[in-house]
Amino acid sequence: MLEMIFGAWVAQGIAVAAELGVADALADGPLPIDELARRVEADPDALGRLLRALIGEGVFTQRRDGRFALNPLADSLRRDAPVSVAGMARFVGAPAHREHWSHLVDAVRTGKAVVPALRGKPTFEYLLEEPELAGIFNDAMTSISELAIAPVVAAYDFAAFPTIADVGGGHGRLLAAILAAAPASQGVLYDLPPVVAGAPALLGEHGVADRVRVQAGSFFEAAPAKGDLYVLKSIIHDWPDDEAVAILSNIRAAAEPGATLVLVEAVIPAHQRSFPGKWTDIEMLVNLAARERTADEHGALLQRAGFRMTRVVPTAAPLSLVEGRAV
């Protein structure tokens, strides 16, 4: 039990290593502690003690000559790693985020998010006024999305759909990967105007810009019309049931009967073993009064919005694809 309790300290130590950029400083090779501390602007003694603790958890390594070096876990903390978790580490360890979680007891007692009471406004509005924290949050979401892309694309036959609409798709990274796997398909990227403004560069970088129509709008107001497949990745878990149904209902209003809907979400399994989605569910509670959902709970949402859930497709990641059909 004490080891589990001390897990909060381990996470904070990892967050500090990511914030200082220790893995980035070691990217070109091992370094002695004095040089490493100079590069990351830290106290050599304190940094050495932090690294000693992290090495005990399997993060970083120390050579026989005393120099510190990357190992596979530490390499994932490089900000330019192919799949980096540095952004998520920094977000979990950010003082404001830690403060939110320190009020978890209030969320459990009331069933309400703690952010409005602490900050005077909902989480997404709060982030708009905190650009530094918002930047860390965006980096975290980008890195987590990157982790999910390959498993999601590998798990589903996207090529079966002529027109694929990614609703709330950000700059279009997932849509670009889907279209790469579905070369005959066309895409529609739908998100708020300030968000999709950054999409053309990314879509061009991945060679799919000529197959994507970028459309600005809010999924609380409308959705692209007549898509064959609508994809929403990590959108529905951000909202309580009524708001989630409102989003899905707007998609149903835009879709033709028989159109397919795919929600990419961490579907809570029936077993009682460890599963990452059981903790992101608490993150949703603390910050948004929202939730991760079971397959049955997803099916109930879809039914309320005019869809029929047809299956849940697991992936190699903790995410699944909840498929539905417009009725």
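Hi everyone. Before I start, a word on terms: the domain bounds I'll use come from an automatic or database domain assignment. For this protein, that assignment gives domain 1 as residues 1-81 and domain 2 as residues 148-326. Please keep in mind that we're looking at a predicted model. Taken over C-alpha atoms, the centres of the two domains, domain 1 and domain 2, are 36 Å apart.

Let me take you to Arg90, which sits in helix H7, residues 86-93. Is Arg90 buried or exposed? Its relative accessibility is 13%, and the cut-off for buried is under 20%, so Arg90 counts as buried. And what does its side chain meet there? The side chain of Arg90 makes a polar contact of 2.8 Å with that of Glu19. If we set aside neighbours within four places in sequence, the residues in contact with Arg90 are Ala15, Ala18, Glu19, Arg79, Ile136 and Asp139.

Now for the aromatics, my second stop. The count of aromatic pairs comes to seven. One of them joins Phe124 and Trp239: the centres are 6.0 Å apart, with 45° between the planes, and the pair is tilted. What I like here is where the partners come from: Phe124 belongs to helix H11, residues 123-128, while Trp239 lies in the loop between strand E6 (229-233) and helix H16 (241-254). That is a link between distant parts of the chain, 115 residues apart.

There's some company too: ring pairs connect Phe124, Phe219, Phe220 and Trp239 into a cluster. As for Phe124, its relative accessibility is 32%, so Phe124 counts as partly exposed.

That's my tour, thanks for listening!

Terms used
Residues are numbered from 1 along each chain as its sequence is written. This is a predicted model: local features need pLDDT of at least 70, side-chain atom pairs count only at pLDDT 80 or more; totals for chains, interfaces and linings use all residues. Side-chain values use heavy atoms; hydrogens and water are left out. Helices (H or I, at least four residues) and strands (E, at least two) are DSSP runs, numbered from the N terminus. Buried means under 20% relative accessible area, exposed over 50%, partly exposed in between (1.4 Å probe, protein chains only). A polar contact is a pair of N or O atoms within 3.5 Å; within protein, one must be able to donate a hydrogen and the other to accept it, and residues adjacent in sequence count only if both atoms are side-chain atoms. Contact means heavy atoms within 4.5 Å. Rings of Phe, Tyr and Trp (its six-membered ring) pair if their centres lie within 6.5 Å; planes under 30 degrees apart count as stacked, over 60 as edge-to-face and the rest as tilted.
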